[in-house]
Amino acid sequence: MYLLHYAPDNASLIVRLVLDGAGIPYATALVDRATRQQDSASYRALNPTGLIPVLETPQGPISETGAILLWLADTHRLAPAPGHPDRPLFLKWLFFLSNTAHADLRQIFYPHQYAPAEAHRGHHEIIAARMLRHFALLETAALQHPQLFAAATPLGVYTLVLARWAALYP
């Protein structure tokens, strides 16, 4: 069984929804962000960056949302397998979600990590415009490849959670 280190409404939500949607059994371990548990030596042993989530597997811990989703997709056949004609599209959009859209949205949530206080407003405007372009690309991709973006798939879940966060934290 897997152990998902999570925090409520954090990136771990994406992993949790994929696990639930696929019916994959797992247990959870709450990472208390209020006490900065993610900076503890025990958590940093699992993920040296201190970011959430971490999925403990029989093969060892995996961090980074995109890496966890790729591992789950390959291990549990939740996406096109290597060699399948749709595999390049799956990889393209998974990495876009993880490395571009999610990373940009994170800048809206934590502007103090990316720009000085006096630049937050301008930085927010730039990133918000980027997010609108990202969501337009994702909408087009989902319409062109509905099987890849279905509700319980890694791409579908990732897209829906990012859209939810963008609506909750505009």
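R36 is partly exposed, with a relative accessible area of 47%. The model is a predicted one. R36 sits in the loop that links β2 to α2. Its backbone is worth a look: R36 has a positive phi of about 60°, although it is not a glycine. Most residues other than glycine have a negative phi, and most peptide bonds are trans.

R77 raises the matching point elsewhere in the chain. R77 is not a glycine, yet it has a positive phi of about 55°. R77 belongs to the loop between α3 and α4, and it comes just after the end of α3. Is R77 buried or exposed? At 77% relative accessibility, R77 counts as exposed, because the cut-off for exposed is over 50%. R36, at 47%, falls in the partly exposed class, which lies between 20% and 50%.

The peptide bonds offer another local feature. The bond joining I52 and P53 is cis, with omega about 20°. P53 lies in the loop between α2, residues 41-46, and β3.

Now step back to the whole chain. Its secondary structure comes to 6 helices and 4 strands. Read from the N terminus, the order is β-α-β-α-β-β-α-α-α-α. The radius of gyration is 16 Å, close to the 15 Å that the globule rule gives for 170 residues, so the chain is as compact as a globular protein of that length. Along its principal axes, the C-alpha trace spans about 50 × 45 × 25 Å.

How much of the chain is buried? Buried residues make up 41% of the 170 residues. The chain exposes about 8,900 Å², and carbon and sulfur atoms supply 60% of that area. Contacts also reach across the sequence. Among contacts between residues at least 6 apart in sequence, 57% join residues at least 24 apart.

Start the walk at strand β1, residues 2-6. β1 is mostly covered, with 4 of its 5 residues buried. Two partners pair with this strand. With β2, residues 26-30, β1 runs parallel, and 5 bridges join the two. Within that pairing, L4 stands opposite T28 in β2. With β3, residues 54-57, the sense is antiparallel, over 3 bridges. Here L3 stands opposite E56 in β3. In a regular strand the side chains alternate between the two faces of the sheet.

What links β1 to β2 in space? Helix α1, residues 12-22, joins them in a β-α-β unit, and that unit is right-handed.

Next comes helix α3, residues 65-76. α3 has 12 residues. From first C-alpha to last, α3 reaches 16 Å, close to the 16 Å expected at 1.5 Å a residue. Which residues of α3 are buried? They are T65, G66, I68, L69, L70, L72 and A73. An α-helix has 3.6 residues a turn, so residues three or four places apart point the same way. The buried residues of α3 pack against strands β1, β3 and β4 (60-63). They also pack against helices α1, α4 (87-109) and α6 (154-168).

One residue of α3 repays a closer look. G66 is found in this helix. At 8% relative accessibility, G66 counts as buried, because buried means under 20%. Which residues does G66 touch, not counting those up to four places away in sequence? The answer is L94 and S98. D20 makes a useful reference point: D20 and G66 are 46 residues apart along the chain, and their C-alpha atoms are separated by 17 Å.

The walk ends at helix α6. Its 15 residues should span 21 Å at 1.5 Å a residue, and its end C-alpha atoms are 21 Å apart, which agrees. The buried residues in α6 are P154, L155, G156, V157, Y158, T159, V161, L162 and W165. What covers them? The cover includes α1, α3, α4 and α5 (120-144). α3 and α6 therefore appear in each other's packing: α6 is among the elements that the buried residues of α3 pack against, and α3 is among those covering the buried residues of α6.

Methods:
Residues are numbered from 1 along each chain as its sequence is written. This is a predicted model: local features need pLDDT of at least 70, side-chain atom pairs count only at pLDDT 80 or more; totals for chains, interfaces and linings use all residues. Side-chain values use heavy atoms; hydrogens and water are left out. Buried means under 20% relative accessible area, exposed over 50%, partly exposed in between (1.4 Å probe, protein chains only). Two strands pair if DSSP finds at least two bridges between them. A crossover is right-handed if, with the strands pointing away from the viewer, the path from the first strand over the helix to the second runs clockwise. The radius of gyration is taken over C-alpha atoms; the globule rule is 2.2 Å times the number of residues to the power 0.38. Contact means heavy atoms within 4.5 Å. Accessible areas come from the Shrake-Rupley method with a 1.4 Å probe; for residues, only the protein chains shown count as cover. The expected span of a helix is 1.5 Å times one less than its number of residues.
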